[in-house]
Amino acid sequence: MYSFSALIITGLFCLLAGAGLGVLVAYAFRAKILGQDLEQRLHEAESSMQGYQRDVAEHFSQTSQLVNNLTHAYREVHEHLANGALKLATPAISREILDSANNNLSSDTKAYMSEQRIEPPRDWAPKAPGTKGALSEDYDLRDDHHTNARMPTESADDYDFDGKANRY
């Protein structure tokens, strides 16, 4: 029948062929397996980001609601004080309180609008009429025959190494 060595050689050949075929199949499906892993990680990151966005939206919604509640409470306190002033104070003081309450917002707006206009910084120095500007070529240059040349009154010999004056 078959020899034992032929059987072993055929077995080894089938084993090598199966291993090679397995490596080829694994290599072919590796991209698909890695792609599925990347897709899963992408979906997890997207769901995490959506949860974060929901948290941020909820936070700002709650903050807006709290600010509205605070504004409403401030308005109620102001109305309570104004009503108390109307009942308990003289008519002149009551009128002043009501006028200040009505003009409070408009006075803030007027104060903001009446502030001085702020100009952007200039890239040139302003000059006095009749003088040379800072960008002039001969700005701050003096002729020697027109100005009195001053001689220095001190020299380096007048000072010690520590910078103190040597005056006797």
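## Phe 4 and its surroundings

Let's start with Phe 4, which counts as exposed because its relative accessibility is 62%, above the 50% cut-off. This residue lies in helix α1 of what is a predicted model.

Phe 4 also belongs to a nonpolar patch on the surface, together with Leu 7, Ile 8, Leu 12 and Leu 15. Between them, these residues offer about 550 Å² of accessible area. As a reminder, an α-helix has 3.6 residues a turn, so residues three or four places apart point the same way.

## Helix α1

Helix α1 covers residues 4-88, a run of 85 residues. At 1.5 Å a residue it should span 126 Å, and so the 121 Å separating its end C-alpha atoms agrees with expectation.

Along the way, α1 has a kink of about 40°, and Phe 29 sits at its centre. Which residues of α1 are buried? They are Gly 51, Ala 82 and Ala 85.

## The protein overall

Stepping back, the secondary structure consists of two helices and zero strands. The protein has 168 residues, and buried ones make up 3% of them.

How much accessible surface does the protein have? The total comes to about 16,400 Å², with carbon and sulfur atoms accounting for 60% of that area.

How values were computed. Residues are numbered from 1 along each chain as its sequence is written. This is a predicted model: local features need pLDDT of at least 70, side-chain atom pairs count only at pLDDT 80 or more; totals for chains, interfaces and linings use all residues. Side-chain values use heavy atoms; hydrogens and water are left out. Helices (H or I, at least four residues) and strands (E, at least two) are DSSP runs, numbered from the N terminus. The expected span of a helix is 1.5 Å times one less than its number of residues. The bend at a residue is the angle between axes fitted to the seven residues ending there and the seven starting there. Buried means under 20% relative accessible area, exposed over 50%, partly exposed in between (1.4 Å probe, protein chains only). Accessible areas come from the Shrake-Rupley method with a 1.4 Å probe; for residues, only the protein chains shown count as cover. Patches are made of residues with over 30% relative accessible area and no salt bridge: like charges are joined within 9 Å, nonpolar side chains (Val, Leu, Ile, Met, Phe, Trp, Tyr) within 5 Å. A salt bridge is a side-chain nitrogen of Lys or Arg within 4 Å of a carboxyl oxygen of Asp or Glu.
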